[in-house]
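Visitor: I would like to know how labels get attached to a structure. Could you take me through some of them?

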Amino acid sequence: MKQRAYTVRLFEYDQLKELKKEQVLLVNSAIKAARDAYAIYSHYHVGAAVRLANGEIVIGSNQENAAYPSGLCAERVAIFYAGARYPNVPILSIAIVAMHDEIIQKEPAVPCGACRQVMYEKESQGDAPMEVILYGSQKIQIIKQVADLLPLPFKKESLS
Ligand code: THU
């Protein structure tokens, strides 16, 4: 028997001003997106913004539905929209933010498992890592690549 351990390397910051200019821009785009979320059931507004290799920024917010499972998370709205708008252009960075009653959460927003899976596949399509910026008003966490957030991933190679 062998025991293995995975390590997740996180870079933690207290304030937005410690981040690079382009990271701040992405976080601000995610905050703006969160405000426009359609979250009339959970009142949990999530915003995501992705920066593509061609310099474009694409946003997404959670879109809920009376048939609950028909709704979609902010991260997947942004990534699928980016895929539809700019096919085959890698995503270099994603910022995620969550708000409740118009107040940004203190703790960093984290993507759900299904979103990590979609983020992972998008990252695997290109040859560049996708940086993940998890924004909270009192703590910001940056992970250098999605693969760090999804150990033992289900990959397209799994199907062959
Ligand atoms: N949500 C997201 O948008 N992203 C996540 O990663 C987790 C959850 C949304 C889905 C739903 O509209 C609301 O948050 C409550 O789960």
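**Labels and their cut-offs**

Guide: Start at the ligand: one of its oxygen atoms is 2.8 Å from an N or O atom in the side chain of Glu75. Keep in mind that this is a predicted model, where local features need pLDDT of at least 70, side-chain atom pairs count only at pLDDT 80 or more, and totals for chains, interfaces and linings use all residues. Residues are numbered from 1 along each chain as its sequence is written, and side-chain values use heavy atoms, with hydrogens and water left out.

Visitor: What makes the Glu75 pair a polar contact?

Guide: A polar contact is a pair of N or O atoms within 3.5 Å; within protein, one must be able to donate a hydrogen and the other to accept it, and residues adjacent in sequence count only if both atoms are side-chain atoms. The Glu75 pair, at 2.8 Å, fits the distance limit. A polar side-chain atom of Glu64 also lies 2.5 Å from a ligand oxygen. For Ala74, a polar backbone atom is 2.9 Å from an oxygen of the ligand.

Visitor: Which elements give two or more residues to the shell around the ligand?

Guide: Strand 2 and helix 2 (74-85) do. Helices (H or I, at least four residues) and strands (E, at least two) are DSSP runs, numbered from the N terminus. A residue counts as near the ligand if one of its heavy atoms lies within 4 Å of it. Among the residues around the ligand are Ser42, Tyr44, Val46 and Cys112.

Visitor: Why is the pair of Arg51 and Glu22 called a salt bridge?

Guide: A salt bridge is a side-chain nitrogen of Lys or Arg within 4 Å of a carboxyl oxygen of Asp or Glu. The closest N and O atoms of Arg51 and Glu22 are 3.3 Å apart, so the pair qualifies. Arg51 lies in strand 2 and Glu22 in helix 1, so the pair ties together parts that are 29 residues apart in sequence.

Visitor: Is Arg51 buried or exposed?

Guide: Buried means under 20% relative accessible area, exposed over 50%, and partly exposed in between (1.4 Å probe, protein chains only). Arg51 has 16%, so it is buried. Its partner Glu22 has 41%, so Glu22 is partly exposed.

Visitor: How many salt bridges does this rule give?

Guide: The count is three. One of them joins Lys139 and Glu107, with N to O at 3.4 Å. Both residues lie in loops, and the pair ties together parts that are 32 residues apart in sequence. Another joins Glu157 and Lys156, at 3.7 Å. Glu157, at 47% relative accessibility, is partly exposed. Lys156, at 48%, is partly exposed too.

Visitor: How do you know that Cys112 is in no disulfide?

Guide: A disulfide is a covalent bond between the sulfur atoms of two cysteines. The rule here asks for a pair of cysteine sulfur atoms within 2.5 Å. The search of the whole structure finds zero disulfides. For Cys112, the nearest cysteine sulfur is that of Cys115, 3.7 Å away. That distance is beyond the limit, so no disulfide is assigned.

Visitor: What relative accessible area do these two cysteines have?

Guide: Cys112 has 31%, so it counts as partly exposed. Cys115 has 1%, so it counts as buried.
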